[in-house]
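Q: Hi! I have a protein open on my screen and I'm new to this. Could you walk me through it?

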Amino acid sequence: MKRIILYILLFPIILNAQKKTNSNSHNSPKLIVGIVIDQMRYDYIYRFWDKFEEDGFKRLINNGFLCRNANFSYAPTFTGPGHASIFTGTTPAIHGIIANNWFDKESKKSIYCAGDGEMQTVCNCHDQTIDILSDDGKMSPHHMLSSTIADQMKLFNENTKAIGISLKDRGAILASGHSANAAYWMDNEGKWITSSYYMDKLPKWLIDYQSTTTATDWLNGNWVVKNKFNHDLEKALEEKGPKAIKTTPYGNTILNELAIKILEKERLGKNGNTDFLSISFSSTDYIGHKYGPHSAEIEDTYIKLDKDLAKLLKVIDKNIGLNNAIIFLTADHGVVSEPHELTKRKIPAGYFDKTSCQQSLEAALRSKYGNGDWIHNFSNGQFFLNHDLINENGISIRKIQDFCADFLIKIKGIKHTFTAKQMTENSYNGSSVHALIQRGFSQKRSGDVIIVLDIGWIGDGWESGGTTHGSSFSYDTHVPLVFSGKFIPKGKLDKLVYIQDIAPTISTLLGISYPNGCTGIPIREITEWKH
């Protein structure tokens with residue numbers, strides 16, 4: 001009888017303990033939101049600060065922790081590697097996403113970082129759930145070799161919901177990881193789609209949502225800033241179709257609206273667990289490439305993005321409370337000023353003739369070693385040599401790599417050359433160019449010879465206008481990083497931190513394991529404050 005009475009008295013305590021065991025701690029945040037702004041240089045924060053309102057960027061920064069010296073610790077600085085590095089806590093040398101596309105040494109074909117021919121497009125395709133003719137959804141994270149923050153969250157608690165969204169497939173897929181419940185991106189028709197990797201059909205709420213909210217809703221009238229520019233959106237729709245929204249600020253707006261709808265329909269932050277949402281805003285990249293970082297278009301894009309962020313933060317605050325969420329905001333890379341803008345101000349810069357470079361090296365190899373196709377591919381600043389031909393002629397791989405490196409360094413516009421042998425036989429540390437190249441180098445996937453262009457130089461394909469990124473220099477590596485919300489102190493930090501430090505910082509705050517390939521370290525000024 002005494003045992004029965006004791007059990008009755010202890011039952012509420014036992015039940016409460018079981019509830020805690022089956023869900024995250026009551027003190028855990030309800031939601032993690034990782035925001036990536038594609039192609040955002042660090043200086044944009046201060047360049048546009050006076051144009052921002054109080055509830056967007058300023059709300060995050062004033063109430064959060066701003067790392068003013070956050071950098072990518074590798075090259076090349078592209079979208080695919082950037083998203084993978086942010087969320088895995090490591091670099092391309094480990095996670096394997098060495099570029100957006102790379103030459104595959106086995107198949108001799110180009111590999112897309114999120115491509116997966118085994119998958120099918122899942123969409124609202126005229127009442128068919130799977131469109132077997134479309135390549136837009138033949139995607140998955142299978143090329144990424146390590147886990148992400150969301151993967152570790154789901155390993156810790158299988159009930160965690162993890163969703164990634166972006167205009168770009170790679171922005172949604174690589175951020176949300178291998179175990180995500182869903183990833184959504186925009187196809188060439190301006191519609192939200194996914195891959196059969198995640199699901200067999202789109203959720204009904206998304207199909208219903210797309211029937212009332214389409215890309216064409218934003219493509220009417222003009223995108224105009226008085227006395228600066230005037231772009232006809234209806235003409236853009238006519239010429240390019242609904243995907244034209246990507247090169248306008250309204251691409252960010254429609255993505256932001258999708259994020260808000262996902263928060264509502266998936267009840268993120270209300271499921272009794274810590275849920276995860278990654279949002280990658282891509283229009284900033286499309287517009288930055290087209291008009292350059294000093295354009296009126298890019299300024300207006302960030303002013304409009306600030307309003308979108310303000311709306312998103314208000315929704316999160318209203319529904320779960322910003323003090324119950326952890327939000328971090330960063331970028332996947334920066335961008336170089338247009339070389340003609342630099343030279344106009346007497347700053348060294350230039351345009352590199354890639355075709356001439358390859359042709360010159362091919363001629364030199366034939367002169368030295370005889371006729372033959374010695375180069376399989378030149379992409380992402382890497383030369384892939386024909387190893388079969390080299391072996392047939394009994395030539396040392398090391399010697400031919402050294403020959404190429406010595407020849408290429410003499411070409412105008414090239415600052416450094418490195419060989420695969422250097423990368424595999426040496427260990428470089430710190431922030432030297434050697435170290436940054438090595439952290440972006442994969443022995444299985446990277447080329448034989450790597451070139452680094454001079455500061456301010458880009459490929460000649462941009463000579464008619466626009467600009468790009470990918471280098472190891474600060475204009476491409478230095479990006480914003482701000483944390484806000486639960487456990488996050490207010491403050492600023494000027495100490496060097498790396499982008500791969502984000503994942504272990506979030507993991508430490510959540511009390512979960514780091515992603516399995518993680519090489520970053522927690523930012524102590526944030527994590528120590530929690531205790």
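A: Happy to; here is a chat about its core, its charged pairs, its surface and a few backbone spots.

A: This is a predicted model, where local features need pLDDT of at least 70, side-chain atom pairs count only at pLDDT 80 or more, and totals for chains, interfaces and linings use all residues. Residues are numbered from 1 along each chain as its sequence is written, and side-chain values use heavy atoms, with hydrogens and water left out.

Q: Cool. Which residues touch the most other members in the largest nonpolar core?

A: Y184, Y302 and F483 do, in a core of 117 residues. A second, separate core has 24 residues, including F352 and I411. A nonpolar core here is a set of buried Ala, Val, Leu, Ile, Met, Phe, Trp, Tyr and Cys residues joined through side-chain atoms within 4.5 Å. Buried means under 20% relative accessible area, exposed means over 50%, and partly exposed is in between (1.4 Å probe, protein chains only).

Q: Is there a general idea behind that?

A: Yes: in soluble globular proteins, nonpolar side chains tend to be buried together.

Q: What about W457, buried or exposed?

A: W457 counts as buried because its relative accessibility is 15%. W457 is found in strand β19, residues 457–459. Helices (H or I, at least four residues) and strands (E, at least two) are DSSP runs, numbered from the N terminus.

Q: Switching topic: how many salt bridges does the structure hold?

A: The structure holds 23. A salt bridge is a side-chain nitrogen of Lys or Arg within 4 Å of a carboxyl oxygen of Asp or Glu. One of them pairs D55 with K314, at 3.6 Å from N to O. D55 lies in the loop between α2 (44–47) and α3 (57–62) and K314 in helix α12 (residues 296–319), so this pair ties together parts that are 259 residues apart in sequence.

Q: How exposed is D55?

A: D55 is partly exposed, at 31% relative accessibility. K314 is also partly exposed, with a relative accessible area of 45%.

Q: And how far apart are K261 and E264 along their helix?

A: They are three residues apart in helix α10 (residues 250–265), so about one helical turn separates them. Their side chains meet in a salt bridge, 3.5 Å from N to O. Elsewhere, salt bridges that share partners join D38, K168 and D285 into one network.

Q: Nice! Now the outside: which residues form a negative surface patch?

A: D232, E234, E238 and E239 form it. Helix α9 (residues 233–240) gives the most to this patch, with three residues. E238, found in helix α9, counts as exposed because its relative accessibility is 70%.

Q: What counts as a patch?

A: Patches are made of residues with over 30% relative accessible area and no salt bridge; like charges are joined within 9 Å, and nonpolar side chains (Val, Leu, Ile, Met, Phe, Trp, Tyr) within 5 Å.

Q: Last topic, the backbone. Where is the cis peptide bond?

A: It joins A75 and P76, with omega at about 15°. P76 sits in the loop between β2 (65–71) and α4 (79–88).

Q: What is phi for Q39?

A: Phi of Q39 is near 70°, a positive value in a residue other than glycine. Q39 is buried, at 0% relative accessibility. N227 is not a glycine either, and has a positive phi of about 65°. N227 is exposed, with a relative accessible area of 79%.

Note on methods. Accessible areas come from the Shrake-Rupley method with a 1.4 Å probe; for residues, only the protein chains shown count as cover. Lys and Arg count as positive and Asp and Glu as negative; His and the chain ends are not counted. The place of a charge is taken as NZ of Lys, CZ of Arg, CG of Asp or CD of Glu.
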